[in-house]
Amino acid sequence: MRLPILTLTAIAALFAAADASAQTYDPRYPVCMHIYTTGGWGGGGDYFDCSFTSLPQCRASASGRSASCDLNPYYAFNEPPPPRRRQRQPQ
C-alpha cells in the first residue's frame, strides 16, 4: 500500500516542479538582439542576446541573420534620482 502512494507522490512532484526560467534581458546593456531560430523536429524558439552598447553595433552583428535589434526595456536610461523627501517640521 505504501509503494503505490509513494510512487504517485513522486510522479506528482515531478509534474509540479517547473523549470526555472532565466531572465530574458540583461539590465547592464542598453541594446538587445532578438534572434529567431527554427530548430529541428518542431523545436525551435527565439532568444535574446543583451550584450550590445549601441544599436549600430547590434545591427552589424545581426546583419545576414534572422535577428532584430531592440532597446532593452530593463536598462535604466539616465533616470533621475528619486526626489528627496522633506521632513516635517515639529510644531
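## Overall layout

Two helices and three strands make up the set of elements in this protein. This is a predicted model. Walk along the chain from the N terminus and you meet the elements in the order α-β-β-α-β.

## Surface and contacts

How much of the protein is buried? Of its 91 residues, 14% count as buried. The accessible surface adds up to about 8200 Å², and carbon and sulfur atoms account for 56% of that.

Now for how the chain meets itself. Take the contacts between residues at least 6 apart in sequence: 52% of them link residues at least 24 apart.

## Around helix α2

Helix α2 covers residues 55-62, and there is something to look at on either side of that stretch. At its N-terminal end, Ser54 acts as the cap. A side-chain oxygen of Ser54 sits 3.3 Å from the backbone nitrogen of Gln57.

On the other side, just after α2, comes Gly64. Its phi is positive, at about 85°.

## A salt bridge

Side chains of opposite charge can pair when their charged atoms come close. How many salt bridges does the count give here? The count comes to one salt bridge.

Which side chains meet in a salt bridge? Look for Arg28 and Asp26, where the distance from N to O is 2.9 Å. Is Arg28 buried or exposed? Arg28 counts as exposed because its relative accessibility is 62%, and the cut-off for exposed is over 50%.

Methods:
Residues are numbered from 1 along each chain as its sequence is written. This is a predicted model: local features need pLDDT of at least 70, side-chain atom pairs count only at pLDDT 80 or more; totals for chains, interfaces and linings use all residues. Side-chain values use heavy atoms; hydrogens and water are left out. Helices (H or I, at least four residues) and strands (E, at least two) are DSSP runs, numbered from the N terminus. Buried means under 20% relative accessible area, exposed over 50%, partly exposed in between (1.4 Å probe, protein chains only). Contact means heavy atoms within 4.5 Å. Accessible areas come from the Shrake-Rupley method with a 1.4 Å probe; for residues, only the protein chains shown count as cover. A polar contact is a pair of N or O atoms within 3.5 Å; within protein, one must be able to donate a hydrogen and the other to accept it, and residues adjacent in sequence count only if both atoms are side-chain atoms. A salt bridge is a side-chain nitrogen of Lys or Arg within 4 Å of a carboxyl oxygen of Asp or Glu.
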